Amino acid sequence: MKSTRSKDVLGGLMIGIIACLILMACGSDNSQAGVGTAQNPATSSASNSFATTGTGAGAGATVVSQIPAGPTVASVNQAVQSGPVNPTGNLNQDVRAVIKAVRPAIVEIVAETVNSNDFGSIFGRQQPTERGIGTGSIISQDGYIMTNNHVVEGANKFTVVLPDNRTYAGRLIGREGQQSDVAVIKIDPKSGETLPTVTLGDSSKLEIGEAVVAIGNALGLPGGPTVTAGIISAIGRSIQEPNGAQLTDLLQTDAAINPGNSGGPLLNLRGELIGINTAAPVDQSQGTVAQGIGFALNINQTRPLV
């Protein structure tokens with residue numbers, strides 16, 4: 001950066017120092033596209049053919065070493081509102097019942113990486129901001145939300161939007177990005193306000209061929225989350241994410257999973273959350289997502305981390 005007053009050596013030196021500090025504060029977040037960004041939501045790793053399906057704004061898998069106290073497993077299981085749906089055997093009717101019961105509790109998570117320094121404002125310049133969109137499930141009435149680590153990774157500002165357009169500021173409670181790709185964020189409902197919630201299920205009871213429903217903010221389309229349906233295609237899959245994380249014991253489904261779905265629920269026909277939609281394979285030469293193959297963390301593996 002050159003000063004407009006070339007003879008003012010001191011002014012030019014100060015501006016140069018400030019520019020360096022800005023670059024140091026920004027770090028390397030903008031160069032990490034493996035988790036997908038709003039501009040490039042389905043990038044793949046050079047070492048594998050899988051890509052996460054969020055549009056997270058962050059970079060670099062790290063683990064939060066100190067996680068503040070959150071809800072216990074008992075409270076997560078107890079503080080639910082939707083309740084299991086009773087399947088009728090009519091697939092169309094059962095899918096509609098699941099959507100009606102669970103969709104209100106599926107949120108859009110807007111994750112932003114906002115530069116915290118004030119140097120840009122000195123010169124009247126807006127600071128660069130990375131923005132991504134993912135999905136989450138409200139799992140307790142006091143506002144705890146389960147999502148993917150790569151949705152929140154590297155971000156420092158979270159906005160949570162419910163399907164009824166209620167909007168909240170969110171804060172990160174904890175995340176794990178090496179083996180599970182799971183994170184928990186928190187919103188604070190107003191006094192007397194009721195939040196819809198999702199019931200956690202038992203993924204050990206799933207069978208190949210069992211019908212499932214996925215809900216998520218695919219491509220960040222306006223108007224609330226998108227619903228897709230399919231079956232459990234396989235159980236016990238293992239993949240490597242673009243950031244190098246090794247994920248094991250995954251559920252494979254042919255329910256459509258797209259960028260923006262990350263962190264959203266995979267549900268059985270009782271409306272119980274049995275997986276967290278996370279990744280899909282990509283054709284590295286074409287940059288396209290393979291048809292009919294998506295992966296979700298199984299809830300039994302994820303529940304203890306929450």
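This report describes the strands, side-chain contacts and loops of one protein chain, using a predicted model.

## Overall composition

The chain of this predicted model has 306 residues, and 49% of them count as buried. Its secondary structure consists of 6 helices and 15 strands.

Contacts across the sequence are also informative. Among contacts in the chain with a separation of 6 or more, 68% are made by residues 24 or more positions apart.

## The closed barrel

Six strands of the chain form a closed barrel, in the order β2-β3-β4-β7-β6-β5, and their pairing is antiparallel. On average, neighbouring strands of this sheet are turned by 40° against each other, with direction ignored. In general, the strands of a sheet pair through backbone hydrogen bonds, in either a parallel or an antiparallel manner.

One pairing within the barrel involves β2 and β5, which are joined in the antiparallel sense over 5 bridges. In this pairing, Glu112 stands opposite Lys157 of β5. These two residues also appear in the next section, where their side chains are considered.

## A salt bridge between β2 and β5

What does Lys157 form with Glu112? The two residues form a salt bridge, in which the closest N and O atoms are 3.9 Å apart. This distance satisfies the criterion because a salt bridge requires a side-chain nitrogen of Lys or Arg within 4 Å of a carboxyl oxygen of Asp or Glu. Lys157 belongs to strand β5 (residues 157-161) and Glu112 to strand β2 (residues 106-114), so the pair ties together parts that are 45 residues apart in sequence.

The two partners can also be described by their accessibility. Lys157 is partly exposed, with a relative accessible area of 43%, whereas Glu112 counts as buried at 15% relative accessibility. Glu112 is placed in the buried class because that class covers values under 20%.

## Other charged contacts

The model contains 6 salt bridges by this rule. One of them links Glu272 and Arg270, with an N to O distance of 3.4 Å. Glu272 counts as buried at 13% relative accessibility, while Arg270 is partly exposed at 33%. Elsewhere, salt bridges that share partners join Asp164, Arg166 and Glu193 into one network.

Within that network, Asp164 and Arg166 form a salt bridge whose closest N and O atoms are 2.9 Å apart. Asp164 is partly exposed, with a relative accessible area of 46%. Arg166 is likewise partly exposed, with a value of 23%.

A charged side chain is also found at an aromatic ring: Lys186 lies over the face of Tyr144, at 5.3 Å from the ring centre. How many aromatic pairs does the structure hold? The count of aromatic pairs is 0.

## Strand β11 and its partners

Strand β11 (residues 246-253) pairs with strand β10 (residues 226-240) in the antiparallel sense, over 6 bridges. Within this pairing, Arg237 has Leu250 of β11 as its bridge partner. The hairpin of β10 and β11 has 5 residues between the strands, and Gly244 in this hairpin takes a positive phi near 95°.

Strand β11 is also joined to strand β15 (residues 294-298) by 3 bridges, and these two strands run antiparallel. Here Thr253 stands opposite Gly294 of β15.

## Positive phi in two loops

Two residues other than glycine deserve mention for their backbone angles. Asp181 has a positive phi near 55°. Asp181 is located in the loop between β6 (167-176) and β7 (182-186). The two strands that flank this loop belong to the closed barrel.

Leu219 also has a positive phi, of about 60°, although Leu219 is not a glycine. Leu219 is found in the loop between β9 (211-216) and β10.

Are these residues buried or exposed? Asp181 counts as buried, at 0% relative accessibility. Leu219, by contrast, counts as exposed at 56%. The assignment of Leu219 follows because the exposed class covers values over 50%.

Technical notes:
Residues numbered from 1 in each chain as written. Predicted model: local features only at pLDDT ≥ 70, side-chain atom pairs only at ≥ 80, totals over all residues. Heavy atoms only, no water. Helix = DSSP H or I, 4+ residues; strand = E, 2+ residues; numbered from the N terminus. Buried < 20%, exposed > 50% of the residue type's maximum accessible area, 1.4 Å probe, protein only. Pairing = 2+ DSSP bridges. Phe/Tyr/Trp six-rings, centres within 6.5 Å; stacked < 30°, edge-to-face > 60°. Lys NZ or Arg CZ within 6 Å of the ring centre and 35° of its normal. Axes fitted to C-alpha atoms, helices over the stretch in contact; angles between N-to-C directions. Contact = heavy atoms within 4.5 Å.
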